[in-house]
Amino acid sequence: MTARTFATIDDLQAGLLDASYLADRGLASVLFLALKLEKPLLLEGEAGVGKTEAAKAMARVLPARLIRLQCYEGLDVAHAVYEWNYSRQLLHIRAAQEGTVSEEELFGPEFLIRRPLLEAIETDEPVVLLIDEIDRADDEFEAFLLEVLSDFQITVPEIGTIQAKRRPVVILTSNRTRELHDALKRRALFHWIDHPSLEREVEIVRLRVPGVPERLALQAAAFVQGLRRLDLEKPPGVAETIDWAQALAALGSHELDPDLVESTLGSVLKHHEDLQAVRDAALADLLEEARVAAG
Amino acid sequence: MPRVSGVVGHVVTFGRVLRQAGLEIGPNRIADGLSGLDQVDLTRQDDVYWTLRANFVTRREELEIFDRAFQAWFLRTPVSPFELSPPTPQSAVLRRIHAAGRPDSAAGTDESPAARGWSYEEILRTKDFGAMTSDEFDRVRALIADIAAERPRRRSRRLRRHHRGRELDLRRTIRESLGAGGDPVHRQYRLRARVPRKLVVLCDVSGSMEAYVRPLLLFVHAVRGSGKGVEAFAFGTRLTRLTRALETSDPDRALQDAARSVADWCGGTRIGASLKTYNDDWGRRALTRGAVVVIASDGWEREESGARLLEDQMARLARQAYTVVWVNPLKGHPAYEPLAAGMRAALPHVDRFLPGHNLASLERLGEVLMGIERRHAA
């Protein structure tokens with residue numbers, strides 16, 4: 001299996017659109033560079049602007065297998081790279097009760113459980129390796145990751161060094177809960193994803209929610225854009241706009257009205273305080289604004 | 001594509017411009033940028049822009065600088081020259097910090113602390129920072145560094161090898177069992193490591209706190225030495241992040257850098273608004289979650305409507321933080337009562353309320369921080 005190649009940024013942008021992902025010129029450019037230069041890409045941005053989605057879309061468009069490593073505090077080599085299959089090893093020792101079991105036999109590839117990083121390095125297929133929310137993993141893991149990303153090889157002491165046959169496309173995402181190491185940043189291309197403009201958000205909604213009435217898509221997007229200007233604890237992302245539009249379309253509505261917004265606002269705002277604040281103060285104004293925007 | 005040699009020159013000079021503006025652009029970056037340009041259409045301005053941006057920028061804060069430099073260099077738009085650091089405010093405190101930085105400032109006296117005896121040190125321990133001479137303060141500084149060496153800890157999810165651990169270390173156990181023909185005779189265990197808890201310090205640098213800012217920041221600087229995960233902010237009328245300024249190992253230089261990075265050093269106070277900025281910019285990025293938050297301020301909110309805002313923001317902070325500690329130098333005075341509207345509004349959301357006016361009270365702060373084991377029960 002081979003991955004498609006893209007001659008120009010326009011080609012890639014069109015390909016992503018076919019894969020239902022609307023990338024602006026900037027994002028398409030850096031994704032193109034990540035492919036061409038074989039460098040990891042670090043995507044940062046507020047929650048819900050489509051960082052993870054970008055990696056998934058890349059996997060669809062290439063096409064490549066998406067291997068995802070979700071980072072969390074305490075993530076270690078056993079969960080990110082490999083682990084030995086202890087129960088099989090024990091069984092094997094028991095089964096060979098009479099004979100002796102050599103160490104090489106016990107620590108061979110067939111007893112190895114491959115975790116995302118090793119999987120991505122070892123496989124022959126084209127791979128998009130998504131390292132999600134790297135800022136959640138701790139420093140020690142980041143240092144280890146840096147090593148993997150510079151040589152694309154992993155050493156298992158008992159087996160030896162495994163070198164990537166082809167470099168995976170690596171996409172890292174971060175929510176900036178902490179600063180990443182400079183060394184890691186130096187190794188990667190950087191891109192900041194902003195909330196989309198109104199026009200863009202409408203396009204995204206129409207692309208992701210087929211059959212949504214145009215007017216409704218426009219009003220919903222304008223309403224969410226208005227919410228982002230408010231002072232909320234957790235401003236809604238594009239993902240929330242899509243969820244909301246899906247909910248609204250499923251209810252068969254063609255236009256926003258106060259009752260409808262009231263009853264579905266929970267799919268946009270996930271914090272109780274935010275919901276309260278919007279219901280108490282801003283709802284009518286935002287609705288009016290959204291209606292005006294929709295013409 | 002034939003490489004136009006002019007491009008190399010442009011990119012190298014552009015890199016130099018960015019370096020002057022404070023971005024870290026080494027030769028490797030330049031090379032990366034050039035190989036990126038090899039892949040795109042050089043006649044398209046936006047392609048050149050995105051390629052260089054992805055290679056030269058590493059954090060969001062640098063985007064604006066990059067954009068302005070790009071406009072100036074490639075689009076020949078006249079822009080104002082780069083001014084990253086605001087002009088240095090030569091405030092009274094800063095001058096004093098400068099003066100204190102000179103090691104010979106106490107050289108005129110021939111009395112060593114040892115000659116003066118232990119009781120002198122004991123007097124210094126309880127003397128209000130505000131009443132100290134600069135000579136006395138110099139003697140206290142070293143002591144401040146000593147008391148801040150420990151930090152509250154929490155259990156990490158990461159496991160370390162431990163002989164009395166709770167979880168079986170299968171990898172080691174299997175390996176050791178080989179010698180016994182597969183019988184796990186010697187079982188190996190792992191235990192959750194204990195790692196320092198995040199510590200966030202918000203220090204009021206307004207005029208009314210002038211005498212106490214220096215010792216408090218020295219304390220924060222010393223705590224920083226205890227490892228990662230310490231964030232420091234200064235606030236007066238607005239919030240400034242001090243973490244980077246305090247990174248220098250020399251405490252005097254760190255304080256100078258800090259004073260320089262704060263535009264409103266010794267100005268007024270807007271505690272509520274500053275806390276709101278903190279909650280919006282940093283709390284949202286989960287800095288507060290699970291952290292011990294120390295606020296050092298006298299609670300004098302200058303704005304009429306400030307107390308209400310302060311209360312809301314304190315509630316927000318307390319919901320996310322592990323423990324909230326408020327240090328108020330005024331509390332050191334026997335007759336003090338929290339009458340200031342700001343202080344009264346904040347107190348319901350504070351877990352520990354401590355003075356911070358002398359060395360003994362900073363010692364107490366150090367002890368409290370170290371002893372914090374359970375949420376809201378410090």
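This is a short talk on the contact between chain A and chain B, and on a few local features of chain A, in a predicted model.

I'll start with the interface. The contact draws on 53 residues of chain A and 45 residues of chain B. Together the two chains bury about 4300 Å², and carbon and sulfur atoms give 47% of that area. On the chain A side, A:Tyr86, A:Arg176 and A:Phe190 supply 15% of the area that chain A buries against chain B, more than any other three residues.

What kinds of residue make up the side of chain A that touches chain B? They divide into 22 nonpolar, eight polar and 23 charged. Several elements of chain A supply at least two residues each, among them α1 (9-18), α5 (86-95), α8 (139-151) and β9 (189-193). The largest share, eight residues, comes from α2(A).

Now the polar side of the interface. Between chain A and chain B there are eight residue pairs in polar contact, counting pairs with both residues at pLDDT 80 or more. The salt bridges across this interface number eleven, and the structure holds 34 over all chains.

I'll take three of the pairs between the chains. In one, A:Asp10 bridges to B:Arg44, with the closest N and O atoms 4.0 Å apart.

In another, B:Arg59 pairs with A:Asp182, and here the closest N and O atoms are 3.4 Å apart. B:Arg59 sits in the loop between α3 (45-56) and α4 (63-74) of chain B, and A:Asp182 is in helix α9 of chain A, so this pair joins two chains. Are these two residues buried or exposed? B:Arg59 has a relative accessible area of 14%, so it is buried. A:Asp182, at 30%, counts as partly exposed.

The third pair is B:Arg319 with A:Glu273, at 3.8 Å from N to O. This one runs from helix α13 (residues 306-320) of chain B to helix α14 (residues 272-293) of chain A. B:Arg319 is partly exposed at 43% relative accessible area, and A:Glu273 is partly exposed at 32%. The pair belongs to a network of salt bridges that share partners, which joins A:Glu233, A:Glu273, B:Lys276, B:Asp280, B:Arg316 and B:Arg319.

Next, a region within chain A. A:Arg65 and A:Glu125 meet through their side chains in a salt bridge, 3.0 Å from N to O. How many residues apart are they along the chain? They are 60 residues apart, with A:Arg65 in strand β2 and A:Glu125 in the loop between α7 and β5. A:Arg65 counts as partly exposed, at 30% relative accessibility, and A:Glu125 is partly exposed with a relative accessible area of 30%.

A:Glu125 has another partner, through its backbone nitrogen, which the side chain of A:Thr123 reaches at 3.2 Å. A:Thr123 lies in the loop between α7 (116-122) and β5 (127-132). Its relative accessibility is 12%, and the limit for buried is under 20%, so A:Thr123 counts as buried.

Last, some backbone points in loops of chain A. The peptide bond from A:Leu62 to A:Pro63 is cis, with omega near -15°. A:Pro63 is in the loop between α3 (51-61) and β2 (65-70).

Then there are two residues other than glycine with positive phi. A:Ser20 has phi near 60°; it is in the loop between α1 and α2 and is partly exposed at 30%. A:Glu38 has phi near 55°. The place of A:Glu38 is the loop between α2 and β1 (41-45), and with a relative accessible area of 44% A:Glu38 is partly exposed.

Note on methods: Residues numbered from 1 in each chain as written. Chains lettered and ligands numbered in written order. Predicted model: local features only at pLDDT ≥ 70, side-chain atom pairs only at ≥ 80, totals over all residues. Heavy atoms only, no water. Contact = heavy atoms within 4.5 Å. Buried area = accessible area lost by both parts, 1.4 Å probe. Polar contact = N/O pair within 3.5 Å; in protein donor to acceptor, adjacent residues only side chain to side chain. Helix = DSSP H or I, 4+ residues; strand = E, 2+ residues; numbered from the N terminus. Nonpolar A, V, L, I, M, F, W, Y, C, P; charged D, E, K, R; others polar. Buried < 20%, exposed > 50% of the residue type's maximum accessible area, 1.4 Å probe, protein only.
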